[in-house]
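This report describes how the chain shown below is put together, beginning with its core and moving outwards to the sheet and helices. Please keep the sequence and the model at hand while reading.

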Amino acid sequence: MSIRRLNHIVISVSDIEISTRFYKDILGLELVSTLPEQNNWKEMRFFRAKGKSTNHHDLAIIANATLPSPGWGQPISPGLFHVAFEVGTIAELEEYAVILKSANSFIDQLYQPMHLSVYGKDPDGIAIEIIWRIPNDCWTYSDLWRAPLNFEEAIARWGATLKTGAAAGEST
Ligand SMILES: [Fe+2]
């Protein structure tokens with residue numbers, strides 16, 4: 001079991017339109033997807049290196065809010081929202097869920113159309129995400145959603161040892 005690499009970061013921003021212009025029009029990243037505000041999550045926008053990255057997203061921004069973000073336990077203020085690390089298999093992801101729980105660092109586990117995600121907090125309360133990349137041909141960009149992650153169902157669908165992302169040789 002090991003983390004393969006950093007996969008993406010999410011930044012909380014004070015003005016999502018201004019930040020979109022910065023990352024898209026000034027830095028030249030590709031805006032690949034938008035997650036409308038839902039289930040108390042503020043609007044999110046997802047970017048990747050245009051024409052270069054095979055990742056679903058390399059960077060995301062989330063609209064700043066003074067409202068609490070459920071599951072995370074604290075208001076979102078401008079700055080780092082979370083850092084995501086990638087593992088190669090669902091079995092490894094499940095092991096990290098156990099490790100985070102035993103370290104009292106576990107926040108949540110979610111099934112999203114591009115990742116299976118386990119969220120935790122580092123000792124300073126900075127959110128981290130451990131992800132397993134769902135096979136690229138299953139990804140969606142126009143219909144993003146979050147659902148509870150059930151490891152048994154995920155393993156029944158993809159298998160515990162299917163390698164994706166860096167573990168499968170993806171360069172990004
Ligand atoms: Fe993430």
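In what follows, two residues touch, or are in contact, if their C-beta atoms, placed from the backbone, lie within 7 Å. The model is a predicted one, and every value given here was computed from it.

**Core**

With that meaning of contact, and leaving aside residues up to four places away in sequence, Leu 93 touches Val 87, Leu 116, Val 118, Ile 130 and Trp 132. Leu 93 also belongs to the largest nonpolar core, a set of 26 residues in which Leu 93, Tyr 96, Leu 116, Val 118, Ile 130 and Trp 132 touch the most other members. Two or more residues of this core come from each of strand S3 (44–48), S4, S7, helix H2 (90–102), strand S9 (115–121) and strand S10 (127–133).

**Overall architecture**

The chain contains three helices and 11 strands, which follow one another along the sequence in the pattern β-α-β-β-β-β-β-β-α-β-β-β-β-α. The radius of gyration is 15 Å, close to the 16 Å that the globule rule gives for 172 residues, so the chain is as compact as a globular protein of that length. Along its principal axes the C-alpha trace spans about 40 × 35 × 25 Å, and 30% of the 172 residues count as buried. Among contacts between residues at least 6 apart in sequence, 61% join residues at least 24 apart.

**The sheet**

Strands of a sheet pair through backbone hydrogen bonds, either parallel or antiparallel. Here an open sheet of nine strands, with mixed pairing, is arranged in the order S2-S3-S4-S1-S7-S10-S9-S8-S11. Strand S2 (30–35) and strand S11 (147–148) are its edge strands, each pairing on one side only. The table sets out several of the strand pairs, with one pair of facing residues for each.

| Strand pair | Sense | Bridges | Facing residues |
|---|---|---|---|
| S1 and S7 | antiparallel | seven | Ser 12 and Gly 79 |
| S1 and S4 | parallel | five | Val 13 and Ala 63 |
| S7 and S10 | parallel | six | Val 83 and Ile 128 |
| S9 and S10 | antiparallel | seven | Leu 116 and Trp 132 |
| S8 and S9 | antiparallel | five | Phe 106 and Gly 120 |

Strand S10 is mostly covered, with six of its seven residues buried. S9 and S10 form a hairpin with five residues between them, and in the turn Gly 125 has a positive phi of about 85°. The facing residues Leu 116 and Trp 132 of this hairpin are bridge partners, and both are among the contacts of Leu 93.

**Helices against the sheet**

Helix H1 (residues 16–26) lies across S1, S2, S3 and S4, and runs at about 165° to S4. Helix H2 has 13 residues and reaches 19 Å from its first C-alpha to its last, close to the 18 Å expected at 1.5 Å a residue.

Which residues of H2 are buried? They are Ile 90, Glu 92, Leu 93, Glu 94, Tyr 96 and Ala 97, a list that includes two glutamates, Glu 92 and Glu 94, beside nonpolar residues such as Leu 93. An α-helix has 3.6 residues a turn, so residues three or four places apart point the same way. What covers the buried residues of H2 includes S7, S8, S9, S10 and helix H3 (151–158). Just after H2, Asn 104 takes a positive phi of about 55°.

**An exposed leucine in S7**

Is Leu 80, which lies in strand S7, buried or exposed? Leu 80 has 12 other C-beta atoms within 10 Å, and because a residue counts as exposed at 12 or fewer, Leu 80 is exposed. Leu 80 nevertheless has contacts with Ile 9, Ile 11 and Ile 126, again not counting residues up to four places away in sequence. Leu 80 and Ala 147 are 67 residues apart in sequence, and the distance between their C-alpha atoms is 23 Å.

Notes: Residues are numbered from 1 along each chain as its sequence is written. This is a predicted model: local features need pLDDT of at least 70, side-chain atom pairs count only at pLDDT 80 or more; totals for chains, interfaces and linings use all residues. Two strands pair if DSSP finds at least two bridges between them. Helices (H or I, at least four residues) and strands (E, at least two) are DSSP runs, numbered from the N terminus. A nonpolar core is a set of buried Ala, Val, Leu, Ile, Met, Phe, Trp, Tyr and Cys residues joined through C-beta atoms within 7 Å. A residue is buried if 20 or more other C-beta atoms lie within 10 Å of its own, exposed if 12 or fewer, and partly exposed in between; C-beta atoms are placed from the backbone. Axes are lines fitted to C-alpha atoms, for helices over the stretch in contact, and angles run from 0 to 180 degrees between N-to-C directions. The radius of gyration is taken over C-alpha atoms; the globule rule is 2.2 Å times the number of residues to the power 0.38. The expected span of a helix is 1.5 Å times one less than its number of residues.
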